[in-house]
Every structure is written in C-alpha cells, then in structure tokens.
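Work through the exercises below with the model open. Try each task before reading its solution.

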Amino acid sequence: MTCVFIQIRCRPGTAYRVASDIVLREIHSELYSTSGEYDLLVKLYIPEGEDVGKFINDKLLDIDGIERTLTTLTFRAF
C-alpha cells in the first residue's frame, strides 16, 4: 500500500461537512482538523496496483466543499 497525506482547503463554512463526508466514505486512515492555509489533513493508504491520482480523484475530490488540495506522497526510505 502507498501512504499519502492530503491537505484540504474547504470553502468557508464547509470544513465540518467535508470531514463528515470523508468519514462516511471510510477511505481514510486518519483525519485531522488543522490550522493555517488548509483546513483538514487526511492520511490515506492507496491499495497496491491502484493509480494514486485516479484513486484520489474518484474517492475524495468529488466531495462538495473542497476548494483545493495538496497531496504529499511517501516513500519507504529506511
């Protein structure tokens, strides 16, 4: 599995609803509310063989209220 972290900026007033929608989809490992430029931080594990971009587009980015995302890919270094 590939671990990715996705920071999500929500339209004003939608962060709690967006977080609830993510929880209902049961695709995340961890989900946090954050301060700063982004509102939410999601940790996902992409199944082996799945295209990372397609998985994120199909499973997450169609949630209403998401304005912008920043995805950080992780690599096994040690």
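**Exercise 1. Helix α1 and its cover**

What covers the buried residues of α1? Start by listing those residues, then look at how they are arranged.

Solution. The model is predicted, so read each step as a statement about a prediction.

Step 1. Pick out the buried residues of α1: Val18, Ala19 and Ile22.

Step 2. Look down the axis of α1. The buried residues fall within an arc of 100°, so they line one face of the helix. An α-helix has 3.6 residues a turn, so residues three or four places apart point the same way.

Step 3. Check the other side of α1. Tyr16 and Leu24 are exposed there.

Step 4. Identify the cover. It includes β1, β2, β3 and β4.

Step 5. Go past the end of the helix. Just after α1, Glu26 takes a positive phi of about 55°.

**Exercise 2. The largest nonpolar core**

Which residues have the most contacts inside the largest nonpolar core? Then find the elements that supply the core.

Solution.

Step 1. The largest nonpolar core has 17 residues. Ile8, Ile22, Leu44 and Leu60 have the most contacts inside it.

Step 2. Assign the core to elements. Those giving two or more residues are β1 (2-10), α1 (15-25), β3 (40-46) and α2 (52-59).

Step 3. Recall the background. In soluble globular proteins, nonpolar side chains tend to be buried together.

Step 4. Take Leu44 as the test case. Leaving out residues up to four places away in sequence, Leu44 touches Thr2, Cys3, Val4, Ile6, Ile27, His28, Phe55 and Ile56.

**Exercise 3. Lys43**

Is Lys43 buried or exposed? Find its side-chain partners as well.

Solution.

Step 1. Locate the residue. Lys43 is found in strand β3.

Step 2. Apply the cut-off. Buried means under 20% relative accessible area. Lys43 has 16%, so it counts as buried.

Step 3. List the neighbours. Not counting residues up to four places away in sequence, Lys43 touches Cys3, Val4, Phe5, His28, Ser29 and Glu30.

Step 4. Find the polar contact. The side chain of Lys43 makes one with the side chain of Tyr45, at 3.3 Å.

Step 5. Find the salt bridge. Lys43 pairs with Glu30, and the closest N and O atoms are 3.4 Å apart. Lys43 lies in β3 and Glu30 in β2 (residues 28-33), so the pair ties together parts 13 residues apart in sequence. Glu30 is partly exposed, at 28% relative accessible area.

**Exercise 4. Salt bridges from α1**

How many salt bridges does a search of the whole structure find? Trace those of Arg17 and Arg25.

Solution.

Step 1. The search finds seven salt bridges. Side chains of opposite charge can pair when their charged atoms come close.

Step 2. Take the pair within the helix. Asp21 and Arg17 meet in a salt bridge at 3.3 Å, N to O. Both lie in α1, four residues apart, about one turn of the helix. Asp21 is partly exposed at 24% relative accessibility, and Arg17 is partly exposed at 33%.

Step 3. Take the long-range pair. Arg25 forms a salt bridge with Asp62, with the closest N and O atoms 2.6 Å apart. This pair links distant parts of the chain: Arg25 is in α1, and Asp62 is in the loop between α2 and β4 (66-73), 37 residues apart. Arg25 is partly exposed at 34%, and Asp62 is partly exposed at 49%.

Definitions and conventions: Residues are numbered from 1 along each chain as its sequence is written. This is a predicted model: local features need pLDDT of at least 70, side-chain atom pairs count only at pLDDT 80 or more; totals for chains, interfaces and linings use all residues. Side-chain values use heavy atoms; hydrogens and water are left out. A nonpolar core is a set of buried Ala, Val, Leu, Ile, Met, Phe, Trp, Tyr and Cys residues joined through side-chain atoms within 4.5 Å. Buried means under 20% relative accessible area, exposed over 50%, partly exposed in between (1.4 Å probe, protein chains only). Contact means heavy atoms within 4.5 Å. A polar contact is a pair of N or O atoms within 3.5 Å; within protein, one must be able to donate a hydrogen and the other to accept it, and residues adjacent in sequence count only if both atoms are side-chain atoms. A salt bridge is a side-chain nitrogen of Lys or Arg within 4 Å of a carboxyl oxygen of Asp or Glu. The arc is that of the directions from the helix axis to the C-beta atoms.
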